[in-house]
4 protein chains.
Amino acid sequence: MESKVGRPRSERAREAVLHAVDDLLVEVGYAAVTMKGIAERASVSRQTVYRWWSTKAEILLEASATDAEDELAITPTGDPLDDLTTYLQALINFLAHSHAGSAYRALIGEAQHDPDVAKLLADKDVLGDSARVVIARAVPACDTPQALEFATARLIGPTFFAIMSGRDPRQLDPQALARTFLA
Amino acid sequence: MESKVGRPRSERAREAVLHAVDDLLVEVGYAAVTMKGIAERASVSRQTVYRWWSTKAEILLEASATDAEDELAITPTGDPLDDLTTYLQALINFLAHSHAGSAYRALIGEAQHDPDVAKLLADKDVLGDSARVVIARAVPACDTPQALEFATARLIGPTFFAIMSGRDPRQLDPQALARTFLA
Amino acid sequence: MESKVGRPRSERAREAVLHAVDDLLVEVGYAAVTMKGIAERASVSRQTVYRWWSTKAEILLEASATDAEDELAITPTGDPLDDLTTYLQALINFLAHSHAGSAYRALIGEAQHDPDVAKLLADKDVLGDSARVVIARAVPACDTPQALEFATARLIGPTFFAIMSGRDPRQLDPQALARTFLA
Amino acid sequence: MESKVGRPRSERAREAVLHAVDDLLVEVGYAAVTMKGIAERASVSRQTVYRWWSTKAEILLEASATDAEDELAITPTGDPLDDLTTYLQALINFLAHSHAGSAYRALIGEAQHDPDVAKLLADKDVLGDSARVVIARAVPACDTPQALEFATARLIGPTFFAIMSGRDPRQLDPQALARTFLA
DNA sequence: CTTTAATCGAGACGGTACGTCGAGTCTTAAG
DNA sequence: CTTAAGACTCGACGTACCGTCTCGATTAAAG
């Protein structure tokens, strides 16, 4: 419920900030993205940035969550192996090559030592959500929450580990991963 | 080839820095560990820290690599399922509860947007090394490098993902994970 | 000539602002009085304050000018020495102990580097006006403007300097000052 | 007692700051002089400014105290009236026309609502010191501290008031003021 | 009894300085 | 040549106040 009195929030400023953070991420990398830099790039006052977001992680998440969801959504064919393979390929592309994915990896990294960022990601489980949809369709037997969680970790885990630990993503074979998952 | 003239490097200073990093990590957490703080805690000049290490990631890795190896090494029993279960339990403890493990998670995080840290971790693959040893013994069939890499990702991945993405480590069942790995 | 159409100026808002300034001056001191603070304390919008006053000096002067005049006005007895002594005592009280006086000192201070404030004070010579009245009655010989100006400086100056330069006002003896003035 | 270990204070930085504050005072006026502006003008880091001075008032005082003393020091002739007249002329020039004087007036102004500045000026009574020297020589009868204080206020006060309250300094007649003082 | 016009509150906006902190580097004297 | 000490430049931090700007809602006099 948002107040109706006072000057309304500037949609222009909101978008400028989100675009700025996207651009800066690509240009200078996550570490060099600063609240100051975002504000300047967006031609927005620092105060305005802080008014609506408290950390760069928050902005980054808002800026890339939609992209992430889009990149991880697949159109089901009915064939479990095909669907899982397609999903795993999308996951590899997302984590290893997409801008939204590199933002996401940076956020996961930050979450390891910043509880606020961890909370943020817990509230918006991009990876888990995308995987659960695919699994529910491909493996109907996975119907309890526990089983779903376990399957999610098994499906995403190997790819996630390989990329996060700096391994070469080209060595990853989505079909082999999918087959092993179904075994 | 190192010079032999002049005052020799102080071993006292080296150890003081490594201990200071360990202590600070526990007391204030990774994010609040600073080069300045390390130097002060170690009663060592800032210049001395910079002379021997170029980033806090380097110090951190040197300070916790040995601990990490110890915590991830298991004594084999001969039974593959038992060995894998023991290893996975050690992995869970390391990533979720150990100091060395939280340092390692932070480094993995940093590596996502800092190529220097990524290089550092690539040269010292703590997790992969520990897993390969276990796999080689438990699954002798895994004899090609590719198969070993694949198995490593399958063994470590699910646990790694679950903990890095902020899931509750108590939900992880090392025996179930081991059984699925062997299937 | 002010317009007669439209909503009339709110007398309530005007008084609330002046009272807020008075209160804030006492509570937090001149330096910490801000336009923002005044508006909030008066439960008035910032725009409303700016609509009617352009600087905090203006508000302050309007808020304390009447008090200042009252505090510096004396009832004549006919005896020059008595009148001057009474006046000087009032001047000491005003400059050293009164709220209106501390506002006035702050304004004089501001006037040293802000021409707008200097202009404001030139148009409303609180100190000079009060002194001229007393001098005209006590020293009828002072009848030219120049003589009056000179006498004003001689009468007010020593006290003004002592207090503005941070000397202890208890060391000031109004009767001695009055006697010396008449000499 | 200053420490002898560590890098010594940069004399270059110290002078650059003092000159910068002098220049800025003339160019933009006291109100627009900021710590940030001083640092930039002096090509010195903000941190360095804060390391040695805590407010712009402190820098200003250090930058103009010597000038002030020079401008208010007179060479005695032996004739009381001449000496006092010369001193009062110097006082008028200082307060009304000199850069050091305008800095001093600004500081006096600030002192009215900033106890720290008031303390600063109390420790370095530029005006009082200069007057006491002149009075001691011209009026040997003034030998008790109280008498000296009283005489100081009488000597400086009228001129001080006239200029601080925005009156035209050209109307001030140093000889007339000196004569009245001696009467 | 509706316009019309200026007010009011609330609060977001772009700016800019604040004082602090950590990053690295540099400059001493001491060992 | 290393060491501890500590000053140096640089640049981001998050906050505060500045003065301006949109809003919707009042409030009176004028039509």
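**The interface of chains D and C, and the relation of A to B**

Across the interface of chain D and chain C, the rule finds 8 residue pairs in polar contact, counting pairs with both residues at pLDDT 80 or more. I should say at once that what we have here is a predicted model.

Looking at the side of chain D that touches chain C, the elements giving two or more residues to it are α6 (99–111), α8 (126–138), α9 (145–164) and α10 (174–182) of chain D. Of these, α9(D) gives the most, with 11 residues. Sorted by character, the residues on that side of chain D comprise 14 nonpolar, 8 polar and 6 charged.

As for charged pairs, there are 4 salt bridges between chain D and chain C, and in one of the contacts of this kind the side chains of D:Asp125 and C:Arg167 meet at 2.5 Å, N to O.

In overall terms, 28 residues of chain D are in contact with 29 residues of chain C, and the two chains bury about 2500 Å² between them, with 68% of that area on carbon and sulfur atoms. Within chain D, the residues that lose the most area to chain C are D:Gln112, D:His113 and D:Phe161, which together account for 26% of what that side buries.

Let me turn now to the other two chains. Chain A is superposed on chain B, with an RMSD of 0.2 Å, by a rotation of 180 degrees with 0.1 Å of shift along its axis; the two copies are therefore related as by a two-fold rotation axis. In chain A, the C-alpha nearest that axis belongs to A:Gly109, at 1.6 Å from it. The same surface serves both copies, since 100% of the contact residues of chain A recur in chain B.

Terms used:
Residues numbered from 1 in each chain as written. Chains lettered and ligands numbered in written order. Predicted model: local features only at pLDDT ≥ 70, side-chain atom pairs only at ≥ 80, totals over all residues. Heavy atoms only, no water. Least-squares fit on C-alpha atoms with pLDDT ≥ 70 in both. Contact = heavy atoms within 4.5 Å. Buried area = accessible area lost by both parts, 1.4 Å probe. Polar contact = N/O pair within 3.5 Å; in protein donor to acceptor, adjacent residues only side chain to side chain. Helix = DSSP H or I, 4+ residues; strand = E, 2+ residues; numbered from the N terminus. Nonpolar A, V, L, I, M, F, W, Y, C, P; charged D, E, K, R; others polar.
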